[in-house]
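Let's take a walk through a protein chain together. Keep the 3D view open and turn it as you read.

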Amino acid sequence: MDQDSCEWQCYLDHNCVSINLQFQGIKQVCELNNSTHNEHHQDFVEEDGYFYRGTENTCRASPCQNNATCQSGFTNTRYRCLCTSGFTGHDCGVDIDECSHINGCSKHAQCKNTAGSYNCSCKGGYLGDGYTCKKPESSSKYKYGKTANAFIYSLNNSEGSGAFKSMVKNPEMATYYHKYLGPTFGTNDIRVDFKNVYEQSVANFGNNYNLPSNVIINNPRTILAGVTHFEPDEVEVFYMKRTGP
């Protein structure tokens with residue numbers, strides 16, 4: 001193996017930043033190292049029959065962004081970045097807009113691009129988690145409650161944004177009734193699924209209830225329950241009891 005071949009092997013190994021090439025007669029042995037003489041100068045010994053070459057470890061300056069892995073090696077840019085999912089570019093600083101490409105959202109959902117990922121939410125008139133959206137069944141047992149006075153009030157939330165009141169957008173879909181579902185507001189703004197009709201309980205706040213203007217919400221899908229999908233015993237629901245005639 002010659003020097004060029006050894007350096008190429010080092011380039012292909014993202015842990016390699018230096019090489020030792022040992023000459024044994026007509027045979028050459030390539031040794032790949034994960035450090036250079038700069039880190040272990042006390043161990044650096046010159047011996048006959050060995051050729052050493054180390055790269056300048058440009059990864060020390062952390063040029064890669066968004067938790068990418070930096071690979072220092074024999075390249076014309078002296079390093080390359082192995083991007084995490086959702087990012088691209090030489091330094092992995094460019095967010096990929098998944099909504100402009102084929103993604104996992106249902107055809108009946110809206111896609112919202114986020115940093116390194118994306119969210120799906122069902123369009124009006126559909127129920128689901130955004131990845132699967134279904135038309136509600138047409139039956140007297142499955143129907144929407146209509147009122148312009150409906151609201152969701154949050155005393156405490158996963159982002160610690162403080163209490164807020166969210167009014168309904170479309171009064172025609174204020175609440176939803178299904179014989180197997182618990183309280184369901186809007187088009188899955190929050191839905192408690194007791195008997196796995198739609199497989200999971202889901203919170204997708206912001207579909208049919210206005211996002212409050214007095215607080216900053218980073219992720220509407222998780223602010224009410226802390227997660228998008230949850231179990232019915234992870235939430236508490238209170239009903240206002242009517243008094244008087």
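**A hairpin, a patch and a loop**

Start with two strands lying side by side: β8 (residues 109–114) and β9 (residues 117–122) pair in the antiparallel sense, with six bridges between them. Keep in mind that you're looking at a predicted model. To see the pairing up close, find K112, which stands opposite N119 in β9. Now follow the chain around the turn: this hairpin has two residues between its strands, and G116 takes a positive phi near 80° there.

Zoom out a little. UniProt, in an unreviewed entry, lists residues 55–93 and 95–134 as "domain: EGF-like". Over residues 95–134, the chain is 42% strand and 0% helix, and the C-alpha atoms at the ends sit 30 Å apart.

Next, move along to F151, which you'll find in strand β13 (residues 151–154). Is F151 buried or exposed? Its relative accessible area is 38%, so it counts as partly exposed. F151 also has company on the surface: together with Y153, L155 and M167, it forms a nonpolar patch with about 430 Å² of accessible area in total.

Last stop: I217, in the loop between β18 (201–203) and β19 (229–230). Buried means under 20% relative accessible area, so I217, at 17%, counts as buried. What does I217 touch, leaving aside its neighbours within four places in sequence? The answer is E159, F205, L211, P212 and I223. Try finding G160 as well: I217 and G160 are 57 residues apart in sequence, and their C-alpha atoms are 9.5 Å apart in space.

Technical notes:
Residues numbered from 1 in each chain as written. Predicted model: local features only at pLDDT ≥ 70, side-chain atom pairs only at ≥ 80, totals over all residues. Heavy atoms only, no water. Patch = residues over 30% accessible without salt bridge, like charges linked within 9 Å, V, L, I, M, F, W, Y side chains within 5 Å. Areas by Shrake-Rupley, 256 points an atom, 1.4 Å probe, with all protein chains shown as cover. Salt bridge = Lys/Arg side-chain N within 4 Å of Asp/Glu carboxyl O. Helix = DSSP H or I, 4+ residues; strand = E, 2+ residues; numbered from the N terminus. Buried < 20%, exposed > 50% of the residue type's maximum accessible area, 1.4 Å probe, protein only. UniProt positions renumbered as here; feature names shortened; annotations may be inferred. Pairing = 2+ DSSP bridges. Contact = heavy atoms within 4.5 Å.
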